[in-house]
Amino acid sequence: MQIIVFVAFAIALSVPLNGPPWQTVARPEVIWATVAAQVLFPALVAWLYVRLVLHRLEVNPAWLPDAQERLSQGGTAIRGVLVAELCFLLYGTGWGPLVRSWPVVGSVYGLDELVLLAPFFLGVVLSWFVLYPADRAVREVAMDRRLLASVPMRPVWNRRAFLSFMIRQNVLIILIPMLPILFANDFVAEHADWLRRFTRVAWGDQALLVLIAGVVFLFAPVALRHIWHTRPLPPGDLRERLEAMSLRVGFRSREILIWESDGMVVNAAVMGIVRPLRYVLLSDGLIEMMEDRKIEAVFGHEVGHVRHHHMLFYLLFTIASMLAVGGAIHLAVQFWPQLLHNRSGLQDYFQVVAMAMIILTWVLGFGIVSRRFEWQSDLFGSRSITPPPEECDQPCLFHGTAIRSGPDPDPPALTALAVCATGAEVFAKTLETIASLNGIPVDARSWRHSSISNRVGRLRSYATDPTQVRRLNRHVLAIKILLFFGTLIGLAVGVYLYWLQPR
Ligand SMILES: [Zn+2]
Ligand SMILES: [Zn+2]
């Protein structure tokens, strides 16, 4: 959902001030009907899925995985409807110019985009409000089962707690950091001429915007720590174990935080590019319901993201995708100069087309990068919980209690890549526990992480076959080299075109 909220902002920012350059529906009654549909239709879809899920559970509570799958399908359907409607509202109707014609909206920096997106956000919140009974029913059935297995649990959250968590988790985390950027975007647009004269660079206004976005991105973790309910992990056995591991693998952060969800969510995250602004978050559900060793494994996975510099490469991915799209548009103008005849109208088209292309690069490319980074962090997590030899109870290449099968003896390079089979197995079990506690089917597909069963299968193959580890390492290295040099070349070309080329 976070990505959908982010895409919504991207769409809103891509709409030119006077509306899309093509013909749109300007009749007020159509615009307001579309606004109403944006608010109500996702909730209607949610209501249909609630019926489906509740019906499933009434007929046979043993069909829990089936009900869970319905619920996650419902989420996908709601997201699809939300984005499709937003596209129609902003690209197909005169909603943008209408909103900007209102007295206060046009004069407060950043307010116009927020009002443009208001029906979208209302639609999001209303659909969660409606969806709650299905979430509750699925959790209650899952809880009955866990009580039978005597796992301690808190009562299921009420609608208010559910809404508060969902809004913080999915909307505010994007919305709050976007506020200064929206403000800056309108400010820069209004003072573009002055900024260009002041900096004596033709793209001085754009540079300032990028700079502000960079500063926001850098300091966002401090705000996010408060947007999500968090508190420091209290001193104790668990904290000591995590700190010992951090020391062992050379990881540092500002604080390890507990992330409150009424014990409903089992999850972890790490945020912040630089150490003084870096936090590791472990959800209360994770800490309450899982054994320390498994929490250590999850913590190790998050540390893996930092130690492999994944966030830095996500940043490069963002920059490279923008440069690539900018370059493609520049080339188009070079090859078809007649495109420039109607210059002002054309710029508006470019703005929309560029945004569409950037979103497309993300849809196509980001999943490929993200899944490999997750697998690499899974591997790091398993390595970080490698037990001493006497506690390793599996045939293990790392501890030398197993020998790799195959015609050739192990070259030393491959032996060095071996992962302890016990560590990998504990990590695999951790992933399965997380899936079951969160009510995610193990083979539910995930664009960013790949399915749990896929990740578990990979971990087991890393333990039995170091060539798989080598393969993953090579793929990640190739991705990193591509992103690094892609960005570098893109920047060089950009600087040449915009700065050094005589005009
Ligand atoms: Zn991860
Ligand atoms: Zn071992």
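# A guided tour of the predicted model

Begin with the whole chain displayed as a cartoon: the protein has 17 helices and four strands. With a radius of gyration of 25 Å, close to the 23 Å given by the globule rule for 503 residues, the protein is as compact as a globular protein of that length. The model is a predicted one. Aligned on its principal axes, the set of C-alpha atoms fills a box of roughly 75 × 60 × 45 Å. Of the 503 residues, 30% count as buried. Among contacts with a separation of 6 or more, 76% join residues 24 or more positions apart.

**Colour by domain.** Select 1–156 for domain 1, 229–291 together with 298–305 for domain 2, and 308–503 for domain 3. The centres of domain 1 and domain 2, taken over C-alpha atoms, are separated by 30 Å.

**Select V99.** This residue belongs to helix α4 (residues 95–101). Is V99 buried or exposed? V99 is buried, because 21 other C-beta atoms lie within 10 Å, and the cut-off for burial is 20 or more. Beyond its neighbours within four places in sequence, V99 is in contact with V105, D112, V115 and L116. Of these, D112 may be picked for a distance label: V99 and D112 are 13 residues apart in sequence and 6.8 Å apart in space, C-alpha to C-alpha.

**Move to D262.** Select the loop between β2 (255–259) and β3 (268–271), where D262 is placed. Most residues other than glycine have a negative phi. D262, although not a glycine, has a positive phi of about 60°. D262 counts as partly exposed, with 17 C-beta neighbours inside 10 Å.

**Continue to S450.** The loop between α15 and α16 holds S450. S450 has a positive phi of about 65° and is not a glycine. With 19 C-beta neighbours inside 10 Å, S450 counts as partly exposed.

**Finish with the helices on either side of that loop.** Select α15 (residues 421–438) and α16 (residues 452–464). How do the axes of α15 and α16 cross, and within what distance do they come? The two axes come within 9 Å and cross at roughly 175°. Angles over 145 degrees count as roughly antiparallel, and α15 and α16 are therefore roughly antiparallel to each other. To display the contact, show the side chains of A421, A424, F427, A428, L431, E432 and A435 in α15, which meet I452, R455, V456, L459, R460, Y462 and A463 in α16. The residues of this contact divide into 11 nonpolar, no polar and three charged.

Notes:
Residues are numbered from 1 along each chain as its sequence is written. Chains are lettered from A and ligands numbered from 1 in the order in which they are written. This is a predicted model: local features need pLDDT of at least 70, side-chain atom pairs count only at pLDDT 80 or more; totals for chains, interfaces and linings use all residues. Axes are lines fitted to C-alpha atoms, for helices over the stretch in contact, and angles run from 0 to 180 degrees between N-to-C directions. Helices (H or I, at least four residues) and strands (E, at least two) are DSSP runs, numbered from the N terminus. Angles under 35 degrees count as roughly parallel, over 145 as roughly antiparallel, 65 to 115 as roughly perpendicular and the rest as oblique. Two residues are in contact if their C-beta atoms, placed from the backbone, lie within 7 Å. Ala, Val, Leu, Ile, Met, Phe, Trp, Tyr, Cys and Pro count as nonpolar, Asp, Glu, Lys and Arg as charged, and the others, Gly among them, as polar. The radius of gyration is taken over C-alpha atoms; the globule rule is 2.2 Å times the number of residues to the power 0.38. A residue is buried if 20 or more other C-beta atoms lie within 10 Å of its own, exposed if 12 or fewer, and partly exposed in between; C-beta atoms are placed from the backbone. Domain bounds come from an automatic or database domain assignment.
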